[in-house]
Amino acid sequence: MTDGLEVVEISATDTHNLRRSVLRWNTPTKEVVFAEDEWPGCWHLGLRRDDTLVAVCSWVPRPHHEQPAVQLRGMATDRSLQGTGLGGVLLEHGCRIAHERGFTLVWARARDAALAFYERHGFTVEGDGFIDQATQMPHHLITRALG
């Protein structure tokens with residue numbers, strides 16, 4: 001990629017620092033290991049900027065309403081770089097990979113504070129909101145058709 005940016009496949013362990021500093025900042029739990037991290041077919045992506053990991057996300061093959069789908073988990077961009085477009089670069093790259101791997105839908109449990117970001121990237125909010133047990137923050141289910 002240009003401008004010192006590179007999307008790379010990483011290990012689940014490589015996601016932990018950003019998950020902790022972004023997703024578990026100011027939450028009741030500090031746990032950053034997801035049970036799905038090692039599921040067959042799961043992959044993890046990182047966005048490097050000048051060799052520093054600045055955004056991460058995980059992709060878990062998991063049906064949605066009985067449709068073949070992939071769940072986006074642990075989307076995190078360094079807090080000092082949020083709003084700069086870097087998270088969008090990583091998200092779009094992940095959606096391309098998911099489509100290439102035959103998935104037709106991406107879904108996630110998104111924080112309400114991030115809904116505008118996801119909507120800008122073609123996601124639709126589904127149903128009523130809920131409070132996530134781990135973070136105690138309001139969330140909604142979101143989906144995006146691929147293809």
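**Group meeting: salt bridges, cores and a pocket**

Let me begin with Glu-36, which counts as buried because its relative accessibility is 10%, where buried means under 20% relative accessible area, exposed over 50%, and partly exposed in between, with a 1.4 Å probe and protein chains only. Before going on, I should say that this is a predicted model, in which local features need pLDDT of at least 70 and side-chain atom pairs count only at pLDDT 80 or more, while totals for chains, interfaces and linings use all residues. Residues are numbered from 1 along each chain as its sequence is written, and side-chain values use heavy atoms, with hydrogens and water left out.

Glu-36 forms a salt bridge with Arg-73, the closest N and O atoms being 2.6 Å apart; by salt bridge I mean a side-chain nitrogen of Lys or Arg within 4 Å of a carboxyl oxygen of Asp or Glu. Arg-73 sits in strand β4 and Glu-36 in the loop between α1 and β2, so this pair ties together parts that are 37 residues apart in sequence; the helices (H or I, at least four residues) and strands (E, at least two) are DSSP runs, numbered from the N terminus. Glu-36 also meets the side chain of Arg-62 in a salt bridge of 2.9 Å, N to O, and there Arg-62 lies in the loop between β3 and β4, 26 residues from Glu-36. Arg-62 counts as partly exposed, at 21% relative accessibility.

What, then, of the nonpolar side? A nonpolar core here is a set of buried Ala, Val, Leu, Ile, Met, Phe, Trp, Tyr and Cys residues joined through side-chain atoms within 4.5 Å. The largest such core has 29 residues, of which Trp-59, Leu-72, Leu-91 and Tyr-118 touch the most other members, and α2 gives the most to this core, with six residues. Leaving aside residues up to four places away in sequence, Tyr-118 touches Leu-72, Met-75, Leu-91, Ala-110, Phe-123 and Ile-142, a contact being heavy atoms within 4.5 Å.

Tyr-118 also brings us to the largest pocket, since it is among the residues that lie nearest the pocket's centre, together with Leu-23, Met-75, Arg-111 and Ala-114. A pocket is an open set of points on a 1 Å grid over the protein atoms alone, where a 1.4 Å probe fits, with protein on both sides within 12 Å along at least five of seven lines, and lining residues have an atom within 4 Å of a point. The lining has 38 residues, and β4 supplies its largest share, seven residues.
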